[in-house]
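Open the model in your viewer and keep the selection box handy. We'll hop from stop to stop, and at each one I'll say what to pick and what you'll find there.

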Amino acid sequence: MTDKEIWKPLIHQGLEVPGYTVSNLGNILGKRGGILKRNLNNSGNYPRCKISAPRDLFPHYVSKNEEATTVPVYIRLHIAVVDAHLPFEHNLPDIWKRTVPVEGSDVRIWDLMDPEQQATLRLSYQVDHIDGDKNNATV
């Protein structure tokens with residue numbers, strides 16, 4: 001772990017959210033350039049932030065205003081940090097790194113899956129807090 005704050009684009013459900021970045025120290029920088037306030041969610045007390053994401057990026061999210069161009073999205077910090085700084089595709093479990101021969105080349109099993117299968121598997125994995133501290137969203 002480093003004390004230097006490194007910023008990368010915010011990823012939520014495998015999609016980059018425009019206007020937001022997340023740091024390796026667990027901060028989210030908003031569209032206006034300020035660090036967003038953290039609060040705790042109702043299940044598990046994990047820190048999260050609320051952002052406004054484009055409705056077309058997350059059409060299944062609900063907004064009180066049906067004509068709004070954005071929808072409120074709650075981002076769990078520990079997941080946002082891992083998605084940006086330790087991408088799943090670069091830290092695959094060994095089973096998905098295995099290769100199989102396809103037309104004379106070795107191809108990872110992961111790369112043979114369609115994006116929907118990959119998304120389902122990505123969502124099924126959990127972020128492990130090695131230090132046991134749910135409030136520690138640093139990598």
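**Stop 1: the β7–β8 hairpin.** Select strand β7 (residues 99-102) together with β8: the two run antiparallel and are joined by 4 bridges. Strands here are DSSP runs of E with at least two residues, helices are runs of H or I with at least four, and both are numbered from the N terminus. Two strands pair if DSSP finds at least two bridges between them. Now click proline 101, whose bridge partner in β8 is aspartate 106. The hairpin has 2 residues between its strands, and glutamate 103 takes a positive phi near 50 degrees there.

A word on what you're looking at: this is a predicted model, where local features need pLDDT of at least 70 and side-chain atom pairs count only at pLDDT 80 or more, while totals for chains, interfaces and linings use all residues. Residues are numbered from 1 along each chain as its sequence is written, and side-chain values use heavy atoms, with hydrogens and water left out.

Stay on β8 (residues 105-108) and pick arginine 108. Is arginine 108 buried or exposed? Neither, quite: it counts as partly exposed because its relative accessibility is 27%. (Buried means under 20% relative accessible area, exposed over 50%, partly exposed in between, with a 1.4 Å probe and protein chains only.) Leaving out neighbours within four places in sequence, arginine 108 is in contact with Glu89, Leu92, Trp96, Lys97, Arg98 and Thr99; contact means heavy atoms within 4.5 Å. Draw a C-alpha to C-alpha distance from arginine 108 to arginine 122 and you get 16 Å, for residues 14 apart in sequence.

**Stop 2: zoom out.** Colour by secondary structure, and 4 helices and 8 strands show up. Going along the sequence, the pattern reads β-β-β-β-β-β-α-α-β-β-α-α. The C-alpha atoms fill a box of roughly 50 × 40 × 30 Å along the principal axes. Of the 139 residues, 29% count as buried. Among contacts with a separation of 6 or more, 42% come from residues 24 or more positions apart.

**Stop 3: the three-stranded sheet.** Select β1, β2 and β3, an open sheet in that order with antiparallel pairing. β1 and β3 (28-29) are the edge strands with a single partner each, so one side of each has no neighbour in the sheet. Between β1 and β2 (residues 15-23) there are 5 bridges. Histidine 12 stands opposite leucine 15 in β2.

**Stop 4: β5 and β6.** Next, show this antiparallel pair, joined by 7 bridges. Cysteine 49 sits opposite isoleucine 75 in β6. In a regular strand the side chains alternate between the two faces of the sheet. Turn on side chains along β6: Val71, Val73 and Ile75 point to one face and are buried, whereas Thr70, Pro72, Tyr74 and Arg76 point to the other and are not.

Then move to the loop between β5 (47-54) and β6, where serine 63 is found. Serine 63 counts as buried because its relative accessibility is 16%. Apart from residues up to four places away in sequence, serine 63 touches Arg55, Ala68, Thr70, Val71 and Pro72.

**Stop 5: helix α1.** How many of the 9 residues of α1 are buried? The count is 7, so α1 is mostly covered. Highlight Leu77, His78, Ala80, Val81, Val82, Ala84 and His85 to see those buried residues. What covers them includes β1, β2, β3, β5 and β6.

**Stop 6: the pockets.** Rolling a probe the size of a water molecule over the atoms shows where empty space is left. On a 1 Å grid over the protein atoms alone, a pocket is an open set of points where a 1.4 Å probe fits, with protein on both sides within 12 Å along at least five of seven lines; lining residues have an atom within 4 Å of a point. Points are joined across faces, edges and corners, and a volume is the space filled by probe spheres set on them.

The largest pocket holds about 690 Å³. Of its 28 lining residues, Ile79, Asp83, Arg122, Leu123 and Tyr125 are the closest to its centre. Elements giving two or more residues to this lining are β1 (7-12), β6 (70-76), α1 (77-85) and α4 (115-124), and α1 gives the most, with 5. The lining divides into 18 nonpolar, 7 polar and 3 charged residues. (Nonpolar covers Ala, Val, Leu, Ile, Met, Phe, Trp, Tyr, Cys and Pro; charged covers Asp, Glu, Lys and Arg; the others, Gly among them, are polar.)

Last selection: the second largest pocket, with about 250 Å³ of space. Its lining includes His78, Val82, Leu86, Asp128 and Val139, and divides into 6 nonpolar, 4 polar and 2 charged residues.
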